[in-house]
Amino acid sequence: MPDYESVYSWTVLDVAEWLVENDFDGYVNLFTMEHGIDGRALMMLTEDDLRSPPLSLRVLGDIKHLMLCLSELKSSRLDVFPATRLTNGTSSEHGRKRPVKFRTISDCSDEYQNQDYLDRHSPPTGKASEGSNYALQISKNLKPEFQKLLISYFYMFIVFMLTAFVMVIVHDRVPDMDKYPPLPDIMLDNLPYIPWAFEACEATAVVLMLILSVTLFFHKHRFIILRRLFALTGTVFMLRCVTMLITSLSVPGTHLQCEPKTMGNIRSKIERALVIWSGFGMSLQGVRTCGDYMFSGHTVVVTLLNFFITEYTPRGIPMLHTISWIMNIFAIFFILAAHEHYSIDVFVAFYITSRLFLYYHSLANNRVLRQPDCTRTRIWFPLFSYFESSIDGIVPNEYEWPHSAVLRYVQHRRAGKVS
């Protein structure tokens, strides 16, 4: 009888590699991610299994070729384990040793552009090996983890309350406009004041929020995305509290009616902070503040919304991504045209927000918490280490009707009670 020992020890990742090497890239997600077919399950597959649900392969040529490859795998006495990991840093393939290909930052960037590869059940436009690498980077643990979601929400909630209170304090300290005129600014000095521009910026933010809400409504991993949104928003606004408090800039426009407001006791300050918090700091809600210039909170919001939309919507809709970026750019222009912030406020806000978003997702997608030297990451990024402790790869863009998530949760709870 053939020796199947090594094949029986295959994981779903090894099955994914085997499928890619045999040009079955389009079935990697179906076999490994959806149905968890490992080496033992692979060796037990029959043609009826391929034709009937839940696999239900429809292409006759693929069924026949796949059965032929399985037949060759079963009849061979050679160790056909794809890319078997060895302790000396090499891999074995059909008895030959070859160096292990380690992922670089550029490799990860290329693979990241193929994020919807497995979601569409079709091979990527690049090489087959890139599809295999991407399949190996998909996170295997994509549980909602509602406890972490609630903690991230309360974290953002507390930061927003703290931000509103700091805005009350900085309003009390706003410099006198007669003594401290607006600072020289290349953009503001050459851009005419547009009265309705700030309201247009907030309207743009509302549209972006609606787009992201629809995306989250249908995204299969909506709770992971929400957790990341809350964590990043809270972190950026926490940093904004510090920058607002330590330096008070003069009012950027003479049209702004900004005078120091002494709120007196702590109770009046809290009441004013609640007004700012309940109105989300938006002029559309009747909230007007002064002194909260370094850096722009409106720029933070529209930039975060844009990045989350472009990250978690299908790559096959480039028009949506283009529109999102155009709205982000126009919102920033409207802030400057309204003379509500200095140019440096907007630039710093965009830079900090975009860098934090990219750093957070780069660390999560590259499995830094699974590396031997992850201690430094856990020390410098404690919130990230907690919220992403169970994520071991890329969160794929998969979509479903929301009731499917409810049914899946109920089934999981029933299975837990039965066990």
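1. Let's start with a tryptophan. W277 has a relative accessibility of 31%, so W277 counts as partly exposed. The cut-offs help here: under 20% would be buried and over 50% would be exposed. You can find W277 in helix α13. Keep in mind as you look around that this is a predicted model.

2. Where does W277 belong on the surface? W277 is one of the residues of a nonpolar patch. Its other members are L150, Y153, F154, F157, I158, I266, I270 and L274. Together the residues of this patch have about 830 Å² of accessible area.

3. Which helices supply the patch? Helix α9, residues 146-172, and helix α13, residues 266-278, each supply at least two of its residues. Helix α9 gives the most, with 5 residues. Try colouring these two helices in your viewer and looking for the patch residues.

4. Now for a residue that is buried. T233 sits in helix α12, which covers residues 222-246. Its relative accessible area is 8%, so T233 is buried. What does T233 touch, once neighbours within four places in sequence are set aside? The contacts are M156, F160 and L304.

5. Next, the cysteines. How many disulfides does the model hold? The count comes to 0. The rule behind that count asks for a pair of cysteine sulfur atoms within 2.5 Å. Two cysteines are worth a look all the same. C69 has a relative accessible area of 15%, so C69 is buried. C201 is buried as well, at 1% relative accessibility.

6. Aromatic rings deserve a point of their own. The structure holds 21 aromatic pairs. One of them joins Y360 and F384, whose ring centres are 5.0 Å apart. The angle between the planes is 90 degrees, and the pair is edge-to-face. An angle over 60 degrees is what earns that label.

7. Why is this pair said to tie parts together? Y360 lies in helix α16 (residues 343-365) while F384 lies in helix α18 (residues 382-387), so the pair links parts that are 24 residues apart in sequence. Are the two partners buried or exposed? Y360 is buried, with a relative accessible area of 10%, and F384 is buried too, at 5% relative accessibility.

8. Finally, look for a group of rings. F307, F308, Y312, W325, F350 and F357 form one aromatic cluster. Selecting these six side chains together is a nice way to finish your tour.

Definitions and conventions:
Residues numbered from 1 in each chain as written. Predicted model: local features only at pLDDT ≥ 70, side-chain atom pairs only at ≥ 80, totals over all residues. Heavy atoms only, no water. Helix = DSSP H or I, 4+ residues; strand = E, 2+ residues; numbered from the N terminus. Buried < 20%, exposed > 50% of the residue type's maximum accessible area, 1.4 Å probe, protein only. Contact = heavy atoms within 4.5 Å. Patch = residues over 30% accessible without salt bridge, like charges linked within 9 Å, V, L, I, M, F, W, Y side chains within 5 Å. Areas by Shrake-Rupley, 256 points an atom, 1.4 Å probe, with all protein chains shown as cover. Salt bridge = Lys/Arg side-chain N within 4 Å of Asp/Glu carboxyl O. Phe/Tyr/Trp six-rings, centres within 6.5 Å; stacked < 30°, edge-to-face > 60°.
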